[in-house]
Amino acid sequence: MKTTAPVKPEKGQSDETSDERKRPPYFPAMLLLAGLIAILFASSDFWKRFYDDPSLDNAEVEAARKEAEEIAKRHEAWVQYVLVADYTAKRPCLRCPFGIPAVTVKTGEIYRYGITTQGESRYTESQYIQLGVTYLEEFRGSYSECKKMEVNKILAYRFLPQSNKLEAKLIRPPGNANKN
């Protein structure tokens with residue numbers, strides 16, 4: 001079977017085989033960044049229309065603006081954490097094979113990886129006691145940095161010796177239910 005190399009257009013001719021010129025692989029990211037920049041600039045004027053509305057109380061508008069800023073600020077600093085077993089016990093397994101409801105998690109083993117902006121208060125004291133786990137912060141950064149760390153750790157869990165439970169071989173920590 002004979003193959004032929006693609007014919008390049010001569011100088012001055014358009015390449016009919018290209019679909020509107022090849023876009024760089026990072027083109028979607030560039031569009032997203034441009035959109036985020038536009039939103040940031042627009043948000044600086046967002047509250048102006050409410051301050052300018054004579055039917056609204058400016059003190060109430062200011063309180064709402066401050067609350068929005070506080071909420072946004074809380075979501076700037078993310079943490080990737082791990083819940084580690086305080087003692088050996090059977091704990092709920094949220095995504096175990098064969099429908100196994102619980103597995104033995106030994107002292108010091110990983111129960112769950114996660115991300116939060118709330119720190120240790122992500123869970124209540126009674127949840128820590130009920131599960132018999134301790135919260136440990138592993139990484140601080142942006143949402144995307146922490147999410148990447150979390151997903152990498154969840155997916156690499158299967159390679160850790162502790163993924164071989166008495167009940168079954170796990171591909172994710174027992175406390176992680178979704179693919180994230």
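# Exercises on contacts, core and charged pairs

**Exercise 1. Which residues does Y135 contact once its neighbours within four places in sequence are left aside?**

Solution. When neighbours within four places in sequence are set aside, Y135 is in contact with V79, Y81, V82, L83, T116, G119, E120 and Y128, where contact means heavy atoms within 4.5 Å. Before going on, note that this is a predicted model, in which local features need pLDDT of at least 70 and side-chain atom pairs count only at pLDDT 80 or more, while totals for chains, interfaces and linings use all residues. Residues are numbered from 1 along each chain as its sequence is written, and side-chain values use heavy atoms, with hydrogens and water left out.

**Exercise 2. Describe the largest nonpolar core, and find which element gives the largest share of it.**

Solution. A nonpolar core is a set of buried Ala, Val, Leu, Ile, Met, Phe, Trp, Tyr and Cys residues joined through side-chain atoms within 4.5 Å. Here buried means under 20% relative accessible area, exposed means over 50%, and partly exposed lies in between, with a 1.4 Å probe and protein chains only.

- Step one: the largest core has 22 residues, and those with the most contacts inside it are Y81, L83, C96, V103, Y128, Y135 and L170.
- Step two: two or more residues each come from β1 (78-85), β3 (102-105), β4 (110-116) and β5 (133-141); such names follow DSSP runs numbered from the N terminus, helices being H or I with at least four residues and strands being E with at least two.
- Step three: β1 gives the largest share of this core, six residues.

**Exercise 3. How many disulfides does a search of the whole structure find, and are their cysteines buried or exposed?**

Solution. A disulfide is a covalent bond between the sulfur atoms of two cysteines, recognised here as a pair of cysteine sulfur atoms within 2.5 Å. The search of the whole structure finds one, and it is formed by C93 and C96, whose sulfur atoms are 1.7 Å apart. The link of C93 and C96 is right-handed, with 85° about the S-S bond. C93 counts as buried because its relative accessibility is 10%, and C96 counts as buried because its relative accessibility is 12%. Another cysteine, C146, is also buried, at 0% relative accessibility.

**Exercise 4. Where is K165 placed, and which residue does its side chain meet in a salt bridge?**

Solution. K165 sits in the segment after α5 (143-156), and with a relative accessible area of 9% it counts as buried.

- Step one: not counting residues up to four places away in sequence, K165 touches V103, T104, V105, E109, Y157 and L170.
- Step two: a polar atom of the K165 side chain lies 3.0 Å from the backbone oxygen of Q162.
- Step three: the side chains of K165 and E109 meet in a salt bridge, at 2.5 Å from N to O, a salt bridge being a side-chain nitrogen of Lys or Arg within 4 Å of a carboxyl oxygen of Asp or Glu.
- Step four: E109 lies in the loop between β3 and β4 and K165 in the segment after α5, so this pair ties together parts that are 56 residues apart in sequence. Both E109 and K165 are buried.

**Exercise 5. How many salt bridges does the structure hold, and how far apart in sequence are K90 and E167?**

Solution. Side chains of opposite charge can pair when their charged atoms come close. The structure holds eight salt bridges, including that of K90 with E167, whose closest N and O atoms are 3.0 Å apart. This pair links distant parts of the chain, with K90 in strand β2 (residues 89-92), E167 in the segment after α5, and their positions 77 residues apart in sequence. K90 is exposed because its relative accessible area is 54%, whereas E167, at 24%, is partly exposed. The side chains of E137 and R140 also meet in a salt bridge (2.7 Å, N to O). In addition, salt bridges that share partners join E62, R65 and E69 into one network.

**Exercise 6. Is N176 buried or exposed, and which backbone oxygen does its side chain reach?**

Solution. N176, in the segment after α5, is buried, because its relative accessible area is 1%. Its side chain reaches the backbone oxygen of Y113 at 2.8 Å. Beyond its neighbours within four places in sequence, N176 is in contact with L94, R95, Y111, R112, Y113 and I154.

Notes
A polar contact is a pair of N or O atoms within 3.5 Å; within protein, one must be able to donate a hydrogen and the other to accept it, and residues adjacent in sequence count only if both atoms are side-chain atoms.
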